[in-house]
Amino acid sequence: MIPELRKEFNSRFSWDLYAKQIAELEHRSGCKIEFRIAETPLFLTREMAGRAGKLAEEILIKAVTPQLQQVGKTAIPGSYNVADETPRPLFAAIDFAITGSREDPQFKLIELQGFPSLYHYQPVFSESIRDVYSLPKELNGLIYPEIGIEKYYEILAKAIVAGGDPNETVLLEIDPMNQKTKCDFLLAQKHLGIHIVDICSVISQGNELFHPSHDGKLIRIKRIYNRAIADELFRKNISLRFDIRESYDVEWAGHPNWYFRISKVLLPHLVGTNEAVPKAFYLINADYKHMDLSGFVLKPLYSFAGQGVNVNPTIADIEAISEQERSDWLLQEKVEYANIITTPNGDEVRGELRIMLLWPEGENSPQALHTLVRLTRGKMVGVDYNKGLDWVGSSCALVQ
């Protein structure tokens, strides 16, 4: 969206450089990247990035008010209601559709989650694409570039390890070495010196948790950087060797309950927070027979990665959902994505901007830190809508 940088990047782009950038990214990450890498970054001015950051901060502040957290509490399933909940979400991600136009981009809330995103991978992605294409050194993926990348890593280390022993801090995930986000896990381990641990290997002894080392010895867990998504535990019917609902002598760097508390369940209650929040209604309360459904999308409240979203709902689609199930669905105002990038061959690309936030313990407000961009040429952002297409996939914003 900075015309000069877009023109310069497109003139330099080649498929050989694209292959070189992916090879460089995989080298820095220490593994093969298992998701599609977009061919280009999004170029944002500081004003645009700062505006999106402030909108995201306002939405997150509203989401943790006592009234909305009474709503959020209802989303936590009893089988995954973890003890010792923190008063605030340490991590959050706010996803905006980029609407309006190239000249006057606007941001509209699509989803939100109280869960960590790719905090260690995204800076490495932005550095690799900047270096391969010889882009200006001052460009980076930070919402507020003046923070600087060294300070950014200091902030992350303070939040995740919290001054403790990295050897007693674990990044907890389900079968982590077979997750598509393994690249982020390996970089977190590299930057922080922490262990990557499969949640299925964790055991309890009294009120303490342990994981086995490579030689079979038990290592005490005192702090957990949680990356295990409850949806996957449910979907795969995974049995754990400890009761995750119990209170243990551990600290959570990202308490699991916030995955449910900060979620689509809050969308109807966030309307009016700021201009980025579109209209949204719980399906059970919506007068759908008298609504222009062409202006709405139908979403399940409890799904991951866009599963089950209907972008063109009809009355028949709604009535196929039982009365009992309608409390788990919502209608959200449809937004028109803007064409924000023109490829070298003239194709138009749309996208979403994810703002990755951190809310350190004891702070009165959250801080927007880094960007993640997902580019699309299909009806929605996601692999299923962009099969066989180029100039789509995962990227970042480079802020000038």
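In the α5–α6 pair, Pro123, Val124 and Glu127 of α5 meet Ile149, Tyr152 and Tyr153 of α6. The model is predicted. Helix α6 covers residues 149-160. The two helices pack at an angle of about 165°, and their axes lie 11 Å apart. Angles over 145 degrees count as roughly antiparallel, so α5 is roughly antiparallel to α6. The crossing of α5 past α6 is left-handed.

Helix α5 itself runs over residues 121-132. Its twelve residues should span 16 Å at 1.5 Å a residue. The end C-alpha atoms are 17 Å apart, which agrees with that expectation. Ten of the twelve residues are buried, so α5 is largely enclosed by the rest of the structure. The buried set begins with Tyr121, Gln122, Pro123, Val124, Phe125 and Ser126. Ser128, Ile129, Arg130 and Val132 are buried as well. Two of these buried residues, Pro123 and Val124, take part in the contact with α6. After the helix comes Ser134, with a positive phi near 55°.

A second helix, α2 (residues 15-29), also packs against α5. Here the axes come within 9 Å and cross at roughly 140°. That angle makes α2 oblique to α5. The crossing of α2 and α5 is right-handed. On the α2 side, the contact is made by Leu17, Lys20, Gln21, Glu24, Leu25, Arg28 and Ser29. On the α5 side, Tyr121, Val124, Phe125, Glu127, Ser128, Ile129, Asp131 and Val132 contribute. Val124 and Glu127 of α5 thus appear in the contact with α2 and also in the contact with α6. Packed helices are described by the angle between their axes and the distance between those axes. For α2 and α5 these are roughly 140° and within 9 Å; for α5 and α6 they are about 165° and 11 Å.

Elsewhere, three strands form an open sheet in the order β6-β7-β8. The pairing is antiparallel. The edge strands are β6 (203-205) and β8 (218-221), and each pairs on one side only. Neighbouring strands of this sheet are turned by 45° against each other on average, with direction ignored. Strand β7 spans residues 208-212. β6 and β7 pair in the antiparallel sense over three bridges. Gln205 has Glu208 of β7 as its bridge partner.

How values were computed
Residues numbered from 1 in each chain as written. Predicted model: local features only at pLDDT ≥ 70, side-chain atom pairs only at ≥ 80, totals over all residues. Heavy atoms only, no water. Helix = DSSP H or I, 4+ residues; strand = E, 2+ residues; numbered from the N terminus. Expected span 1.5 Å × (residues − 1). Buried < 20%, exposed > 50% of the residue type's maximum accessible area, 1.4 Å probe, protein only. Pairing = 2+ DSSP bridges. Axes fitted to C-alpha atoms, helices over the stretch in contact; angles between N-to-C directions. Parallel < 35°, antiparallel > 145°, perpendicular 65-115°, else oblique. Left-handed = near helix turned anticlockwise from the far one by under 90°. Contact = heavy atoms within 4.5 Å.
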